[in-house]
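This briefing goes through one structure by topic. The sequence and the coordinates are shown first, and the notes follow.

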There are 2 protein chains.
Amino acid sequence: MERIAFIGTGVMGRSMAGHLLKAGYELTVYNRTKEKAAELIEQGAEWADNPAEAAAGADVVISIVGYPADVEATYLGEKGVLTTMKKGGVIIDMTTSSPILWQKIAKAAAEKGVDAIDAPVTGGDLGAKNATLAILCGGDEKVFEKVKPILAVMGKNIALFGAAGAGQYTKLVNQIAVAATMLSITESLIFAEKAGLDTKLVYDTIGGGAASSWSMVNLLPRVLRGDEAPGFMVKHMVKDLRLSLEAAREMKLELPGLVLAEKLYAELEAKGYADKGTQTLISWYRNQ
Amino acid sequence: MERIAFIGTGVMGRSMAGHLLKAGYELTVYNRTKEKAAELIEQGAEWADNPAEAAAGADVVISIVGYPADVEATYLGEKGVLTTMKKGGVIIDMTTSSPILWQKIAKAAAEKGVDAIDAPVTGGDLGAKNATLAILCGGDEKVFEKVKPILAVMGKNIALFGAAGAGQYTKLVNQIAVAATMLSITESLIFAEKAGLDTKLVYDTIGGGAASSWSMVNLLPRVLRGDEAPGFMVKHMVKDLRLSLEAAREMKLELPGLVLAEKLYAELEAKGYADKGTQTLISWYRNQ
């Protein structure tokens, strides 16, 4: 069984690494803040002081860190994975990050005989905890098949969408769609409230028809109950929408809905709502 | 059983009036173009030369016409319904129209002892044909209960949302939400295509998650098969989004997503796509 180095033991990573441990993989972990890896170390994971040390001797490196800059440092930095990773090894980044950056990392990896899979996920904290994540992959098909059993320990819906970066592009497709459905429930709700309608009755009635969305069915009822707990944080939405904009510009695409969504969420972030749930957009409209 | 005057026998109205005839109501019909009422006349409906003549002797008037100007002419015009409608009668407008205009018509009706219900629908041609429309009502509760059996002949999900205009406001809530989910599938698809992804695989994978919407599940597969048949026409979307904008401005609401959607669909309409389906927005982005 492969030896895995797992880099990034935040809320998502901790659950995912835990599943790998339980499945019997030997795990070395690294995280910027060591305390967040404490539970995994208790469960038998080895600690490494930096990505290079974690990758030494590993067959597979998996990372799920914060921002593209963190991904770049993890793989290409002075103490990065590619300084020690053995020939024939596989690196898998599960961070939602830049497809263009990943293509650069995959190229650098290939030059050292290391294979690369980008594999961002959807399904959030709960998907990570219950190992029901969708895992959106890019890379070579043979490499994908080789690591699929490892991915299957952490998720359910695992697919390959194309060459290096394709997983990231697919994740951004998802985020572009999510942002617009957030606009859909936000602006329709604000209109309904201002018109003095019984909003619960309105959404019970229209929620089954052409206006319906996952957000309308799953997120809006929580909003109507006053539940503002973050499912997905504003600052992460801003990150993902900026990545999408950057990729769109690279492809010379104009996406005005995406531009608008990024602007609105960036305003929210700037006003101190970075760590709130994305549904905070509704309060923001309410107070305009 | 009530005598009903039915005004507006276009694609939707024809099916709806047909259900009323079959249910045994005596029907008088009026339409700007008489040929479109021919089938109903064959089935036993009486013809009237104008709204006033149609309303004379009717207990209930139902209208489903084109634009707010048509609604206004139907009720308040020189040969309009309110010139002949008897005291104690009920007028029901099922056009998607202006809530503010309907409040004005309801007030004029009340001065003549006539009750008013606004009752726009969702569910489209198919919903009209199969009598499965959702009917979104505004008006007095007692009046609503009185006419509900008539509405139940034409639809399934029938609810009262508040005073005069509340049905129209609810329909606009629906349209605001629909427009943003159209942006959601359009911009995500354009991004996916440009990134060279297998779009069918992408939407099969993300279509069950947080990015999902009715449009993604029901409309997008048709687009991916190249089916451009109009489910809902661009010109009607423009009409509904302008009504929404007008109502939002009246309520002093800024809804930038709605502003953007109206702008995009108005551009489409201006470029000669008025009678195409709303999914034409996707071709429009493709050719930018």
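**Lys252(B) and Ala131(B)**

At 72% relative accessibility, Lys252(B) is classed as exposed. The model is a predicted one, and the values below are computed from it. The notes start with two residues of chain B that have positive phi, then turn to the pair of chains, chain A as a whole, and the sheet around strand S8.

Backbone and exposure

- Lys252(B) is not a glycine, yet its phi is positive, at about 60 degrees.
- The residue sits in the chain B loop that runs between helix H11 (234–250) and helix H12 (256–273).
- Ala131(B) also has a positive phi, near 55 degrees, and is likewise a residue other than glycine.
- The loop that holds Ala131(B) lies between helix H6 (124–129) and strand S8 (133–137) of chain B.
- Is Ala131(B) buried or exposed? Ala131(B) is buried, because its relative accessible area of 15% falls under the 20% cut-off.
- Lys252(B), by contrast, is exposed, because its 72% is over the 50% cut-off.

The two chains

- A turn of 180 degrees, with a shift of 0.0 Å along the axis, lays chain B on chain A with an RMSD of 0.0 Å.
- The two copies are therefore related as by a two-fold rotation axis.
- Which C-alpha of chain B is nearest the axis? That of Ser213(B) is, at 1.8 Å from the axis.
- Both copies use the same surface, and 100% of the contact residues of chain B recur in chain A.
- Phe191(B) reaches across to chain A: leaving out residues up to four places away in sequence, Phe191(B) touches Tyr169(A), Leu172(A), Val173(A), Ile176(A), Ser244(A), Ala247(A), Ala248(A), Met251(A), Leu253(A) and Leu255(A).

Nonpolar core

- The largest nonpolar core has 94 residues.
- Which of its members touch the most others? They are Phe191(A), Leu255(A) and Tyr265(A), together with Phe191(B), Leu255(B) and Tyr265(B).
- Two of these core residues, Phe191(B) and Leu255(A), are in contact with one another.
- In soluble globular proteins, nonpolar side chains tend to be buried together.

Chain A as a whole

- Chain A contains 13 helices and nine strands.
- Its C-alpha trace spans about 65 × 45 × 35 Å along the principal axes.
- The radius of gyration of chain A is 20 Å, which agrees with the value near 19 Å for a compact globule of 288 residues.
- Of those 288 residues, 57% count as buried.
- Of the contacts in chain A between residues at least 6 apart in sequence, 65% join residues at least 24 apart.
- The accessible surface of chain A is about 11,600 Å², and carbon and sulfur atoms account for 50% of that area.

Strand S8 and its partners in chain A

- All five residues of S8(A) are buried, and the strand is mostly covered.
- Leu133(A), Ile135(A) and Cys137(A) point one way from S8(A), while Ala134(A) and Leu136(A) point the other way.
- In a regular strand the side chains alternate between the two faces of the sheet.
- Strand S7 (residues 121–122) of chain A runs antiparallel to S8(A) and is joined to S8(A) by two bridges.
- Within that pair, Thr122(A) stands opposite Ala134(A).
- Strand S9 (residues 155–160) of chain A pairs with S8(A) in the parallel sense, over five bridges.
- Here Leu133(A) is opposite Gly155(A).

The sheet in chain B

- S7-S8-S9 is the strand order of an open, three-stranded sheet in chain B, and its pairing is mixed.
- Strand S7 (121–122) and strand S9 (155–160) are the edge strands of this chain B sheet, since each pairs on one side only.
- S7(B) and S8(B) are antiparallel, with two bridges between them.
- Thr122(B) stands opposite Ala134(B) in S8(B).

Gly138(A), after strand S8

- Gly138(A) is in the chain A loop between strand S8 (133–137) and helix H7 (141–152).
- How is Gly138(A) placed, buried or exposed? Gly138(A) is buried, with a relative accessible area of 0%.
- Apart from neighbours within four places in sequence, Gly138(A) contacts Ala116(A), Ile117(A), Asp118(A), Leu160(A), Gly162(A), Ala163(A), Ala164(A), Ala166(A) and Gly167(A).
- One of these, Ala164(A), is 26 residues from Gly138(A) in sequence, with 4.7 Å between the two C-alpha atoms.

Methods:
Residues are numbered from 1 along each chain as its sequence is written. Chains are lettered from A and ligands numbered from 1 in the order in which they are written. This is a predicted model: local features need pLDDT of at least 70, side-chain atom pairs count only at pLDDT 80 or more; totals for chains, interfaces and linings use all residues. Side-chain values use heavy atoms; hydrogens and water are left out. Copies are superposed by least squares on the C-alpha atoms of residues with pLDDT of at least 70 in both. Contact means heavy atoms within 4.5 Å. A nonpolar core is a set of buried Ala, Val, Leu, Ile, Met, Phe, Trp, Tyr and Cys residues joined through side-chain atoms within 4.5 Å. Buried means under 20% relative accessible area, exposed over 50%, partly exposed in between (1.4 Å probe, protein chains only). Helices (H or I, at least four residues) and strands (E, at least two) are DSSP runs, numbered from the N terminus. The radius of gyration is taken over C-alpha atoms; the globule rule is 2.2 Å times the number of residues to the power 0.38. Accessible areas come from the Shrake-Rupley method with a 1.4 Å probe; for residues, only the protein chains shown count as cover. Two strands pair if DSSP finds at least two bridges between them.
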